Amino acid sequence: MNNFVFYSPTEFVFGKDTEAQTGSLVRKYGGTRVMIVYGGGSVQRSGLLARIEESLQAAGVTYCELGGVQPNPTEPKVYEGIRLCREQGVDMLLAVGGGSVIDTAKSIAVGALYEGDFWDFYIGKASITKALKVGVVLTIPAAGSEGSGNAVITHSVTLQKLGIRAPEVLRPVFAVMNPELTYTLPAYQTASGIADMMVHIMERYFTNTEGVEVSDRLCEGTLVAIIKEAYRLKANPNDYDARANIMWCGTIAHNGTCGVGREEDWASHFLEHEVSALYDVTHGAGLAVIVPAWMAFVAERNPKKVAQFAHRVFGVPQSDDLLEMALSGVSQLKFFFRYIGLPVSFKELGIEQPDIDTLVANLHRNKGLTVGSYVKLTSADTEEIYRMAL
Ligand code: NZQ
Ligand code: ZN
């Protein structure tokens, strides 16, 4: 196991009606004037936004609002938020929504305290040392941004979908998580969120670092639980316990616990980010297309861990033929994604003829000559993986 630092100060307030505590949580973390950030309207339709406003008023917290954040969020909304923050003397961001909303809020939080362009942080021109505090009311279990020190923004002009990472600064101070808020999710968003959280675990699981039995078992156990709960949700989307387990898995998958002490991979995410940057598809659905292709490709070159995954997560019988075991695991994963309603090829994703040359060129422009670590992928490899996903 490798040395590591794990710092995860977020207070998670989980369960029914917990959004009523939002105002007092803002107070607890020193917020007096917040900016509520939200998406394209689901929080207004569900009445959640009104309940949050009520809770802030009851706690004596004043607020302004920034709505209209779109999935795969882009930089104009961040600039708008930074301006508003400064004009209104905002001292805390309150993200009410999913990864797109939270990541926009995190970007505003770093940008508001920086004299230059916030995009500097994304292109490595500046490093993050401070930010306004961010609190979260989560409405979709998927990106894990409620517990992560990361944010992802797409630049609408250059079509670069890039991330920042600063766990000491960017992890939200609190995250309110009421599973009942997720009943209104469209089935496709629920399924895409499930794929995203599974892949957050896999990016950490597929490693060549030895001696990581505890985090291996944590990864495998959480994946098994997600699959089981996903089947229950498919049968009954209003099953509270299934919603609750899925919601908590989304956080565990990406708050860092599953990755401590091991080299992580992240090639599948980098491959997918180019797809959602270019075609604006739902991130989790893009991953359901990319990951089986990636896994089949790496199984041919390094089957050991893929075979272990196949056996321990999908119950594939053990055999001396690791490649056969591994490929059987890939088939099971594809079957599962399809069963919950996700595409597993570009065609099923609605992209008949993806521009693979551009995807590969952008990927290696953004991420360097090779990506991933379980198997280091060159541009010839990533091109083949995109082709395998057709
Ligand atoms: O905008 P509204 O109207 O709220 O609708 C949203 C949106 O259309 C809807 N939705 C959310 N909660 C709902 C709901 N609809 C009904 N009822 C509810 N309770 O769901 C749609 C998707 O929302 P979004 O925030 O985009 O989803 P997600 O959480 O999957 O976030 C995706 C973004 O996060 C990035 C992705 O790349 C993508 O840009 N990621 C962020 C990460 C991080 N910060 O650590 C890591 C991830 O790997 C990922 O890259
Ligand atoms: Zn993801």
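In this predicted model, Y386 is buried, its relative accessible area being 0%. The partner of Y386 is F346, and the two rings form a tilted aromatic pair with 6.3 Å between centres and 45 degrees between planes. Distant parts of the chain are linked by this pair, since F346 belongs to helix α15 and Y386 to helix α17 (residues 379-388), 40 residues apart. F346 is likewise buried, with a relative accessible area of 0%.

Across the whole structure, the search returns 19 aromatic pairs. One of them joins F206 and W294 in an edge-to-face arrangement, with the centres 5.5 Å apart and 70 degrees between the planes. F206 is placed in the loop between α8 and α9, whereas W294 is part of helix α12, so the pair ties together parts that lie 88 residues apart in sequence. Both rings are covered: F206 has a relative accessibility of 0% and counts as buried, and W294 is buried at a relative accessible area of 2%. F206 and W294 also belong to one aromatic cluster, together with Y205, F309, F314 and Y374.

The zinc ion (ligand 2) has four protein donor residues, namely D196 through OD, and H200, H269 and H283 through NE2. These donor atoms lie 2.0 to 2.2 Å from the ion. The spacing of the donor residues in sequence is D-x3-H-x68-H-x13-H. Of these, H200 is in helix α8 (residues 187-205) and H283 in helix α12 (residues 283-301), so this pair ties together parts that are 83 residues apart in sequence. H200 has a relative accessibility of 3% and therefore counts as buried, the limit being under 20%. H283 is buried as well, with a relative accessible area of 15%.

Helix α8, which carries H200, comprises 19 residues. At 1.5 Å a residue, a helix of this length should span 27 Å, and the end C-alpha atoms of α8 are 27 Å apart, in agreement with that value. Of the 19 residues of α8, 16 are buried, so the helix is largely enclosed by the rest of the structure.

The count of salt bridges comes to 15. Within helix α9 (residues 213-235), R217 and E213 are four residues apart, about one turn of the helix. Their side chains form a salt bridge in which the closest N and O atoms are 2.8 Å apart. R217 is partly exposed, with a relative accessible area of 45%, and E213 is also partly exposed, at 44%.

A second salt bridge involving helix α9 joins D216 to K305, with an N to O distance of 2.9 Å. K305 is located in helix α13 (residues 303-314) and D216 in helix α9, so the pair ties together parts that are 89 residues apart in sequence. Both K305 and D216 are buried.

A further salt bridge is formed by R338 and E348, whose closest N and O atoms are 2.7 Å apart. This pair links distant parts of the chain, with R338 in helix α14 (residues 322-339) and E348 in helix α15 (residues 346-349), ten residues apart. R338 is partly exposed, with a relative accessible area of 46%. E348 is partly exposed too, with a relative accessible area of 40%. Helix α15 thus contributes to two of the contacts described here, through E348 to the salt bridge with R338 and through F346 to the aromatic pair with Y386. Salt bridges also connect K228, E229, R232 and D239 into a network.

On the surface, M1, F4 and F6 make up a nonpolar patch, their accessible area together being about 320 Å². F4 is found in the segment that precedes β1 (11-14). The relative accessibility of F4 is 45%, and F4 therefore counts as partly exposed, a class that lies between the limits of 20% for buried and 50% for exposed.

Notes. Residues numbered from 1 in each chain as written. Chains lettered and ligands numbered in written order. Predicted model: local features only at pLDDT ≥ 70, side-chain atom pairs only at ≥ 80, totals over all residues. Heavy atoms only, no water. Patch = residues over 30% accessible without salt bridge, like charges linked within 9 Å, V, L, I, M, F, W, Y side chains within 5 Å. Areas by Shrake-Rupley, 256 points an atom, 1.4 Å probe, with all protein chains shown as cover. Salt bridge = Lys/Arg side-chain N within 4 Å of Asp/Glu carboxyl O. Buried < 20%, exposed > 50% of the residue type's maximum accessible area, 1.4 Å probe, protein only. Donors = N, O, S within 2.8 Å, 3.2 Å for Na, K, Ca; no water. Expected span 1.5 Å × (residues − 1). Phe/Tyr/Trp six-rings, centres within 6.5 Å; stacked < 30°, edge-to-face > 60°.
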